[in-house]
Amino acid sequence: MTDLSQPPRSAEPAAHARPARTHAQHPVNRRATAVRWLRKTHGWFGLWGAVMGLIFGVSGIWLNHRAVLKLPVAQERTNTQIALPDPLPATPEAMNTWLQQALNVPEPANRVRVEKAKPVAWAERPAKSDEKGEAGSAKPLMQPEQWTFNFGGATRQIQAEYWAGNRSVSIRQTDNGFLGTLMNLHKGTGMTVPWILLVDTLAGCLIFLSLSGLCLWVMTTKRRTVGWTIFGLGSLLAIGLAVSRL
């Protein structure tokens, strides 16, 4: 008769083998989870920067080869003079407010530069001595204080230049075509803080896409010798070309 109180001997190894197989699958499951998460995140980050990446890619190629690709920028430049009111604006802030109204621009200047009065370059030499050996007492010729205001954005830029004591302001206006606007968007010329922060997010996306792409390649590719060779040669070439121009 068969003793039913004890399980068959063949069942014991199987019962002990199941936990061992489960423990062996944990690293594989974690690796697969990490790969799936990286792929999804890589795709979402790429989708966020897709449109801006296209804009910066096209404008970057044109800027990099602008000496060869002589495309028409279609810029129109005009120079005018605007008479100042009486009394004159006493401070750069007051001049900024008056220029905003006079030029009919919606926002104040995005950049204001004040250059203090200083001796002109050709008058910085020491004065010549007279016949008695005493230094001349003539004062050096001074260059008056200069205020520069930049208005506008990527499509139109207005630069106003004022020399202290003048009764007028010099105005230089530049109206850009499509390529000129694209170039200014790439360089951030005349753009506001929100645009600059948006471009920063694109730069962060590029950094993450580079790192996540490298991690995905390491985790999913078995033949790594050729890949590391290409990566190393590309890095050495980029660093070498950059250092050679410093």
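**Notebook: salt bridges, a pocket and a few side chains**

I began with charged pairs and found the side chains of Arg167 and Asp86 meeting in a salt bridge, 4.0 Å from N to O. This pair joins distant parts of the chain, with the two positions 81 residues apart. Arg167 sits in the loop between strand S6 (156–163) and strand S7 (168–175), while Asp86 sits in the loop between strand S1 (76–83) and H3. A reminder to myself: this is a predicted model.

I then asked how open the two partners are. Asp86 is exposed, because its relative accessible area is 67% and the cut-off for exposed is over 50%. Arg167, at 45%, is partly exposed.

**More salt bridges**

How many salt bridges does a search of the whole structure find? I got four, and I looked at two more of them.

Glu145 pairs with Lys116, and their closest N and O atoms are 3.8 Å apart. Here too the pair links distant parts of the chain, 29 residues apart. Glu145 is in the loop between strand S4 (142–143) and strand S5 (146–152), and Lys116 is in the loop between strand S2 (111–115) and strand S3 (118–119). I noted Lys116 as exposed, with 58% relative accessibility.

The side chains of Glu115 and Lys118 also meet in a salt bridge, at 2.9 Å from N to O. Glu115 has 25% relative accessibility and counts as partly exposed. Lys118, at 36%, counts as partly exposed as well.

**Helix H3**

Next I picked two residues of H3, which covers residues 92–103. Is Asn96 buried or exposed? Asn96 is buried, because its relative accessible area is 13% and the limit for buried is under 20%. I wanted to know what surrounds this side chain, so I set aside neighbours within four places in sequence and listed the contacts of Asn96: Pro108, Ala109, Val112, Phe149 and Phe151.

Leu103 is in H3 too, and I found Leu103 buried, with a relative accessible area of 16%. Which residues does Leu103 contact, leaving aside neighbours within four places in sequence? My list reads Ile82, Phe151, Ile158 and Ile171. Phe151 is therefore a contact of Leu103 and is also among the contacts of Asn96. I checked one of the Leu103 partners by distance: Leu103 and Ile171 are 68 residues apart in sequence, and their C-alpha atoms are 9.4 Å apart in space.

**A nonpolar patch**

On the surface I came across a nonpolar patch formed by Trp44, Phe45 and Leu47. Together the three have about 360 Å² of accessible area. I looked up Phe45 in particular, and placed Phe45 in helix H1, residues 11–48. With a relative accessible area of 31%, Phe45 is partly exposed.

**The largest pocket**

My last stop was the largest pocket, which holds about 360 Å³ of space. Which elements give two or more residues to its lining? I wrote down S1, S2, S5, S6 and S7. S5 gives the most, with four residues. The whole lining comes to 18 residues, and those nearest the centre are Asn150, Gln157, Ile158, Gln159 and Thr189. One name was already in my notes: Ile158, from the contacts of Leu103.

Note on methods
Residues numbered from 1 in each chain as written. Predicted model: local features only at pLDDT ≥ 70, side-chain atom pairs only at ≥ 80, totals over all residues. Heavy atoms only, no water. Buried < 20%, exposed > 50% of the residue type's maximum accessible area, 1.4 Å probe, protein only. Contact = heavy atoms within 4.5 Å. Patch = residues over 30% accessible without salt bridge, like charges linked within 9 Å, V, L, I, M, F, W, Y side chains within 5 Å. Areas by Shrake-Rupley, 256 points an atom, 1.4 Å probe, with all protein chains shown as cover. 1 Å grid on protein atoms, 1.4 Å probe; cavity = no way out; pocket = protein on both sides within 12 Å on 5 of 7 lines; lining within 4 Å. Points joined across faces, edges and corners; volume = space filled by probe spheres on them.
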